Amino acid sequence: MEKRTIQAIIILMSVALIGICVIQFYWLKNGIDLEAQNFDNQVRYSLNRVKQNLEDDANDIENIKRGQSSIFNKDKDPLEKIFKPTLDGFVREKYESQVANIAWLLNPEYALGTISPPDLSRYLRVELLSQGIDLNYDFGVYSNDEEDYIITNGKFSVVNVSGSSSDSGVSTRLSQSMYQVNLFDSEGRTTVGSLRIFFPEKTSFLLKSVLPALISSILLTGLILFCFVYTINVILTQKKVSLMKTDFINNMTHEFKTPIATISLAADSIGNPMVKGNEKLIDRYADIIKQENKRMLTQVEKVLQIARLDKKDFTLKLVDINLNDQVTIAVENTRLRVNQRDGKIEAYLKAKNAKVLGDQNHISNVLHNLLDNAIKYSPEPPDIIITTNDVANGVEITVADKGIGMSKEDLKRIFEKFYRVSTGNLHDVKGFGLGLSYVKAITDAHKGKVKAQSELGKGSSFTVYLPHDLNL
Ligand code: ADP
């Protein structure tokens, strides 16, 4: 996939995701607002119902009083003197009720005193429950005359010396509450007080109502985000792998082209009538064919090794090895090539206990790979130092060169399969990008570690740690 296409997809997906998040947020906020509106309506409806109940109660009390006074104390009833005194039956009842109404209308403050706290508590509970509201709340009846709460939370309020009621916390909350209803204010009269209610858990109740939607939308958005990041990651990795594979194929073709051409030339030469009789020349050409063949075999072997390591179907032939000896052999094998390029190679065998349990062949390959790289990536005459050191439970081997070095970004990736530093002139140096991944696979198999340090233009050093006994 083109880099631009991937970028476009990332931008489009990001815009879509942000859009989805904004819409989700908007809907959730809308949901909370609707819930809040619904809650407000239900509370206001309940308060009005309670108000009606309280006013009915006040009427009833007045009715009874009026009834008693009309039976036992007719003469002392001032209202009865105003209205018609000789009514009975249904007409009388209606009259009584009207009289009662008028009684508290004439003196509404008196009606406030007729409220029974337990009744008020019960009315509130019943009305709120009938609206499906089952929350804790504070409530109170505020008297305009007293300028304070005469009832709080179902009890007559105790008034302090200072004049304010005892539970100032509740009264402050109630005073701030948006839920209040004026009491005994029928027929447009000025109210004598109000019934107020406050829900401390209102916010959490409202949030709880949208919680399932909130959680599921966060989870689903998270899931989409995860899949998106994962997919992009896979695309980018695949792109990298495919690039590396193309590089690898190019390198391999390049590596094989030369020996194939040489073999072809040598074979043609052997067929040449001028050479046919010359045994010496035939031997030389046969030797060239053999050498080139060997070179190709080594390359193929390298690729196969990595394939085998990849599938993990390799077994280590563990034997006791002295790493100082292995280093000495590898250095001697390399010295000729270093000398050819006027370079120098020095070994410092500082490890006193250099014995490890390991696969001699693989460990020797590891050392050769590191030394090969040190030569390959030194454009000037190579200057290589290889050191062995004792460390806790094992031995450390360091191969240091003063070659081209690497950037920090490249350093992070050199142990990946097929990875080659891709700066222009570097492609002059042959390789498959498999050497260091082989080093890592083998040290890992020996329960060891490999790390690299490098500075661009100054040189690199690779340190391999191998434990004395990988079975411990
Ligand atoms: P290659 O076949 O390309 O040498 P390796 O796996 O051995 O593959 O190395 C991977 C890359 O790490 C190389 O292409 C090279 O860029 C970088 N590299 C390895 N060793 C050195 C070194 N000693 N100095 C500088 N760069 C190195």
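The chain contains 13 helices and 12 strands, and the model that shows them is a predicted one. Of its 472 residues, 37% count as buried. Among contacts between residues at least 6 apart in sequence, 69% join residues that are at least 24 apart. The chain exposes about 28300 Å², of which carbon and sulfur atoms supply 58%.

**The open sheet**

Five strands form an open sheet with antiparallel pairing, and their order across it is S3-S2-S1-S5-S4. Strand S3 (155-156) and strand S4 (179-183) stand at the edges with a single partner strand each, so that one side of each has no neighbour in the sheet. Strands of a sheet pair through backbone hydrogen bonds, in either a parallel or an antiparallel sense. Within this sheet, strand S1 (residues 138-143) and strand S2 (residues 148-152) pair in the antiparallel sense over four bridges, and Tyr142 stands opposite Tyr149 in S2.

**The ligand and its surroundings**

Around the ligand there are 18 residues, of which Asn373, Tyr377, Asp401, Arg420 and Leu436 come nearest. Which parts of Arg420, Val421 and Leu436 face oxygen atoms of the ligand is set out for each residue in turn. For Arg420 the partner is an N or O atom of the side chain, which is 2.5 Å from an oxygen atom of the ligand. For Leu436 the partner is a polar backbone atom, with an oxygen atom of the ligand 2.8 Å away, and a polar backbone atom of Val421 is 3.4 Å from a ligand oxygen atom. On its own the ligand has 530 Å² of accessible area, and the protein covers 98% of that area.

**Salt bridges**

The count of salt bridges comes to 14, and the table lists examples with the distance between nitrogen and oxygen atoms.

| Salt bridge | N to O distance |
|---|---|
| Arg125 and Asp134 | 3.0 Å |
| Arg295 and Glu292 | 3.8 Å |
| Lys458 and Glu455 | 3.5 Å |

How exposed the partners are can be stated pair by pair. In the pair of Arg125 and Asp134, Arg125 counts as partly exposed because its relative accessibility is 33%, whereas Asp134, with a relative accessible area of 56%, is exposed.

Arg295 and Glu292 both belong to helix H9 (residues 279-311), where they lie three residues apart, about one turn of the helix. Arg295 has a relative accessibility of 34% and therefore counts as partly exposed, while Glu292, with a relative accessible area of 11%, is buried.

In the pair of Lys458 and Glu455, Lys458 counts as exposed at 58% relative accessibility, and Glu455 counts as partly exposed at 46%.

**A serine in helix H7**

Is Ser217, a residue of helix H7 (residues 202-271), buried or exposed? Ser217 counts as buried, because its relative accessibility is 9% and the cut-off for a buried residue is under 20%. When residues up to four places away in sequence are not counted, Ser217 touches Gln24 and Leu28.

Technical notes: Residues are numbered from 1 along each chain as its sequence is written. This is a predicted model: local features need pLDDT of at least 70, side-chain atom pairs count only at pLDDT 80 or more; totals for chains, interfaces and linings use all residues. Side-chain values use heavy atoms; hydrogens and water are left out. Helices (H or I, at least four residues) and strands (E, at least two) are DSSP runs, numbered from the N terminus. Buried means under 20% relative accessible area, exposed over 50%, partly exposed in between (1.4 Å probe, protein chains only). Contact means heavy atoms within 4.5 Å. Accessible areas come from the Shrake-Rupley method with a 1.4 Å probe; for residues, only the protein chains shown count as cover. A salt bridge is a side-chain nitrogen of Lys or Arg within 4 Å of a carboxyl oxygen of Asp or Glu. A residue is near a molecule or strand if one of its heavy atoms lies within 4 Å of it. A polar contact is a pair of N or O atoms within 3.5 Å; within protein, one must be able to donate a hydrogen and the other to accept it, and residues adjacent in sequence count only if both atoms are side-chain atoms. Two strands pair if DSSP finds at least two bridges between them.
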